[in-house]
Amino acid sequence: KRSPLEPAQAAKISIQVAQQLGSAAGSLLIHPGRILISKDGSVKLLPPAAEELSLPAVVEYPAYASPEEIRGGHPDVRSALYSLGCTLFELLAGEPPYSSSDPKKVLHAHVEGDVPDVRERASGVPDTLAEALRELLAKDPELRIQTPEELVRRLKQGLAGAGSAPHHTSRPPS
């Protein structure tokens with residue numbers, strides 16, 4: 001509800017979600033509504049709501065559906081990483097990578113659209129974080145970050161280097 005967030009805060013939330021992906025029950029679709037942040041900053045990935053289990057993810061949450069789910073394929077952890085990438089993008093930019101009032105356009109963009117550069121919509125995102133996000137949003141699951149552990153490592157490296165890494169600071173006018 002309070003995005004966009006500072007890059008370090010968004011990365012820390014994403015790290016905690018990624019660490020829970022192996023034990024997450026139910027749907028592999030990750031979206032902001034499944035993330036609970038306590039007052040102490042700890043993050044819990046909530047189980048999917050009943051409606052998420054009764055409808056295909058692409059119908060219920062098109063802004064977070066992976067290309068392979070949209071094509072009718074079988075999602076795996078890389079699909080969860082894709083939807084976590086969409087969520088991280090939203091945490092940083094205040095909106096998912098693809099948005100439209102027409103869900104069909106959103107689904108088409110996930111499958112065919114260019115991967116947007118988060119730095120064009122959010123200020124202060126370090127290059128390391130932007131590159132990890134770009135890989136999370138790769139259309140081909142083989143080109144994505146492959147495991148939650150790899151994502152955690154990459155995000156932690158990005159946090160460690162955020163103080164010295166160059167970053168893009170301009171934000172388009174609203």
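Biologist: How many salt bridges does the structure hold?

Modeller: The general idea comes first: side chains of opposite charge can pair when their charged atoms come close. In this predicted model, the structure holds seven salt bridges. Take Arg144 and Glu68, whose closest N and O atoms are 2.8 Å apart. That pair links distant parts of the chain, with Arg144 in the loop between helix 7 and helix 8 and Glu68 in helix 4 (residues 67-70), 76 residues apart. Both Arg144 and Glu68 are buried.

Biologist: Which residue forms a salt bridge with Arg154, and is Arg154 in the bridge with N and O atoms 3.0 Å apart at their closest?

Modeller: Its partner is Glu135, and yes, 3.0 Å is the closest N to O distance. Here too the pair links distant parts of the chain: Arg154 sits in helix 8 and Glu135 in helix 7, 19 residues apart. Arg154 has 16% relative accessibility, so Arg154 counts as buried, while Glu135 is partly exposed at 23%. There's also a network, in which salt bridges that share partners join Asp76, Arg78 and Glu142.

Biologist: What about a charged residue that has no salt bridge, such as Lys139?

Modeller: For a case like that, look up the nearest side chain of opposite charge. Lys139 is buried, and Asp114, the nearest such side chain, is 7.5 Å away. A salt bridge needs the nitrogen within 4 Å of a carboxyl oxygen. Lys139 lies in the loop between helix 7 and helix 8, and its side chain reaches the backbone oxygen of Ala109 at 3.0 Å. Beyond its sequence neighbours within four places, Lys139 is in contact with several residues, including Tyr82, Tyr98, His110 and Arg144.

Biologist: Where do the buried residues of helix 7 fall when seen down its axis?

Modeller: Start with the list: in helix 7 (residues 127-136), Leu129, Ala130, Ala132, Leu133 and Leu136 are buried. Seen down the axis, they fall within an arc of 160°, so they line one face of the helix. For helix 6 (residues 103-112), the buried residues are Val106, Leu107, Ala109, His110 and Val111. Have a look at the start of helix 6 as well, where a side-chain oxygen of Asp102 comes to within 2.9 Å of the backbone nitrogen of Lys104.

Biologist: Which residues have the most contacts inside the largest nonpolar core?

Modeller: That core has 42 residues, and Val17, Ile30, Leu88, Leu92, Val118, Leu133 and Leu151 have the most contacts inside it. Several elements supply at least two residues each, among them helix 1 (7-20), strand 2 (43-45) and helix 8 (148-161). Helix 5 gives the most, with ten residues.

Biologist: How do I read a residue like Gln16, and is Gln16 buried or partly exposed?

Modeller: Check its element, its accessibility and then its partners. Gln16 is found in helix 1 and is partly exposed, with a relative accessible area of 23%. Setting aside neighbours within four places in sequence, Gln16 is in contact with Gly41, Ser42 and Val43. The Gln16 side chain reaches the backbone oxygen of Gly41 at 3.4 Å.

Biologist: And what is the pattern of the protein chain along the sequence?

Modeller: Along the sequence, the chain follows α-β-β-α-α-α-α-α-β-α-α-β, which comes to eight helices and four strands. Of its 174 residues, 45% count as buried. Among contacts between residues at least 6 apart in sequence, 67% join residues at least 24 apart.

Notes:
Residues are numbered from 1 along each chain as its sequence is written. This is a predicted model: local features need pLDDT of at least 70, side-chain atom pairs count only at pLDDT 80 or more; totals for chains, interfaces and linings use all residues. Side-chain values use heavy atoms; hydrogens and water are left out. Buried means under 20% relative accessible area, exposed over 50%, partly exposed in between (1.4 Å probe, protein chains only). The arc is that of the directions from the helix axis to the C-beta atoms. A polar contact is a pair of N or O atoms within 3.5 Å; within protein, one must be able to donate a hydrogen and the other to accept it, and residues adjacent in sequence count only if both atoms are side-chain atoms. A nonpolar core is a set of buried Ala, Val, Leu, Ile, Met, Phe, Trp, Tyr and Cys residues joined through side-chain atoms within 4.5 Å. Lys and Arg count as positive and Asp and Glu as negative; His and the chain ends are not counted. Contact means heavy atoms within 4.5 Å.
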